[in-house]
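Trainee: Could you take me through this structure? I would like to begin with how far it can be trusted.

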Amino acid sequence: TRLSKFLNEQLASPPFGDTLVGTRATRRVRIQADLAERVAAVSFLARLGKPATDAERTLLAVVDRMAWEDRLRFAEAIAPHDAASATMLVDAAWRGVTTAGRRVDMPDSTNGAGDFPSHVRPAARLLTATLAVHPDHPLLGALVETILQIGRAERGWAWNTQDYSSAIVAIARLAKGPTEGAARGLVVYST
């Protein structure tokens with residue numbers, strides 16, 4: 001509970017800090033980093049069963065300044081108690097992707113920047129967020145195909161721990177679903 005108290009105190013502080021220093025691009029990166037930390041705190045508190053509803057409202061007001069992937073993480077965090085807002089965020093993310101045969105094409109801008117870029121994590125995050133609000137989404141199978149085939153499609157990219165862990169978590173959540181995937185027309189293998 002000391003950690004939850006600390007996180008709530010941090011979330012109560014005003015977001016963004018000094019946004020007058022640096023170039024526009026530098027400020028955008030700093031703001032996105034601050035929002036990413038706040039989303040991580042909100043996500044942790046939600047999983048702990050102590051949602052920070054005031055911080056969630058503040059983040060909803062500035063959701064357009066978040067990185068694409070952070071919007072989906074935020075949607076996952078608020079889905080259990082604010083399904084309408086979570087659905088809005090996930091639907092907006094889906095509007096930015098296209099289908100290509102049996103796969104979903106992710107925009108290049110979702111590959112992320114910063115210390116731990118990943119080519120798999122954005123697709124995996126879209127899968128977990130979609131499962132939270134649309135467990136019967138018609139493109140879930142295509143999204144799973146994307147996650148599993150990114151290694152072949154991008155031979156120049158070596159998977160890192162971010163890629164592996166994101167794929168594992170997303171596929172595990174899919175397999176753990178209430179119907180074990182059968183109702184969604186997916187085949188789930190278990191060993």
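Mentor: A definition comes first: pLDDT is the predictor's confidence in each residue, on a scale from 0 to 100. This is a predicted model. The mean pLDDT of the protein is 83, and 84% of its residues reach 70 or more.

Trainee: Where is pLDDT below 50, then?

Mentor: The pLDDT is below 50 over residues 179-191. Beyond near neighbours in sequence, that stretch has 14 contacts in the model.

Trainee: And in which helices is confidence lowest and highest?

Mentor: Confidence is lowest in helix 7 (residues 140-153), with a mean of 84, and highest in helix 5, at 95.

Trainee: How many helices and strands are there overall?

Mentor: There are 8 helices and 2 strands. From the N terminus, the order of elements is α-α-α-α-α-β-β-α-α-α.

Trainee: What share of the residues is buried?

Mentor: Of the 191 residues, 39% count as buried. The accessible surface of the protein comes to about 11,000 Å², and carbon and sulfur atoms account for 56% of that surface. As for contacts with a separation of 6 or more, 61% are between residues 24 or more positions apart.

Trainee: Let us turn to helix 3. Which of its residues are buried?

Mentor: Helix 3 covers residues 53-61, and its buried residues are Ala-55, Glu-56 and Leu-59. Seen down the helix axis, the buried residues fall within an arc of 100°, so they line one face of helix 3.

Trainee: What do those buried residues pack against?

Mentor: They pack against helix 1 (2-12), helix 2 (24-47) and helix 4 (68-78). On the other side of helix 3, Asp-54, Arg-57 and Ala-61 are exposed.

Trainee: Now helix 5. Which residues are buried there?

Mentor: The buried residues of helix 5 are Ser-85, Ala-86, Leu-89, Val-90, Ala-93 and Trp-94. As for its length, the 13 residues should span 18 Å at 1.5 Å a residue, and the end C-alpha atoms are 18 Å apart, which agrees.

Trainee: Why does Ser-85 count as buried?

Mentor: Ser-85 has a relative accessibility of 15%, and the cut-off for buried is under 20%, so Ser-85 counts as buried.

Trainee: What does its side chain join in a polar contact?

Mentor: The side chain of Ser-85 joins that of Asp-82 in a polar contact of 2.9 Å. Leaving aside neighbours within four places in sequence, Ser-85 is in contact with Leu-60 and Ile-78.

Trainee: Changing topic: how many of the 13 residues of helix 6 are buried?

Mentor: In helix 6, 11 of the 13 residues are buried, so the helix is largely enclosed by the rest of the structure. Among them are Pro-122, Ala-123, Ala-124 and Leu-126. Helix 6 reaches 18 Å from its first C-alpha to its last, close to the 18 Å expected at 1.5 Å a residue.

Trainee: Arg-121 is in helix 6 as well. Is that residue buried or exposed?

Mentor: Arg-121 is buried, at 13% relative accessibility. Its side chain joins that of Glu-69 through a polar contact of 2.5 Å. Not counting residues up to four places away in sequence, Arg-121 touches Glu-69, Phe-116, Gln-162, Asp-163 and Ser-166.

Trainee: What about Leu-127, which is in helix 6 too? What does Leu-127 contact?

Mentor: Leu-127 counts as buried, at 0% relative accessibility. Setting aside neighbours within four places in sequence, its contacts are Leu-140, Leu-143, Val-144, Ile-147, Ala-170 and Ile-171. Leu-127 and Val-169 are 42 residues apart in sequence and 9.8 Å apart in space, C-alpha to C-alpha.

Trainee: One last residue, Thr-130 in helix 6. Which backbone oxygen does its side chain reach?

Mentor: The side chain of Thr-130 reaches the backbone oxygen of Leu-126 at 2.6 Å. Thr-130 is buried, with a relative accessible area of 0%.

Trainee: Which residues does Thr-130 touch beyond its neighbours up to four places away?

Mentor: Thr-130 touches Val-90, Trp-94, Pro-135, His-137 and Leu-140. Val-90 and Trp-94 are among the buried residues of helix 5. Ala-93 is 37 residues from Thr-130 in sequence, and the two are 9.6 Å apart in space, C-alpha to C-alpha.

Methods
Residues numbered from 1 in each chain as written. Predicted model: local features only at pLDDT ≥ 70, side-chain atom pairs only at ≥ 80, totals over all residues. Heavy atoms only, no water. Buried < 20%, exposed > 50% of the residue type's maximum accessible area, 1.4 Å probe, protein only. Helix = DSSP H or I, 4+ residues; strand = E, 2+ residues; numbered from the N terminus. Arc of directions from axis to C-beta. Contact = heavy atoms within 4.5 Å. Polar contact = N/O pair within 3.5 Å; in protein donor to acceptor, adjacent residues only side chain to side chain. Areas by Shrake-Rupley, 256 points an atom, 1.4 Å probe, with all protein chains shown as cover. Expected span 1.5 Å × (residues − 1).
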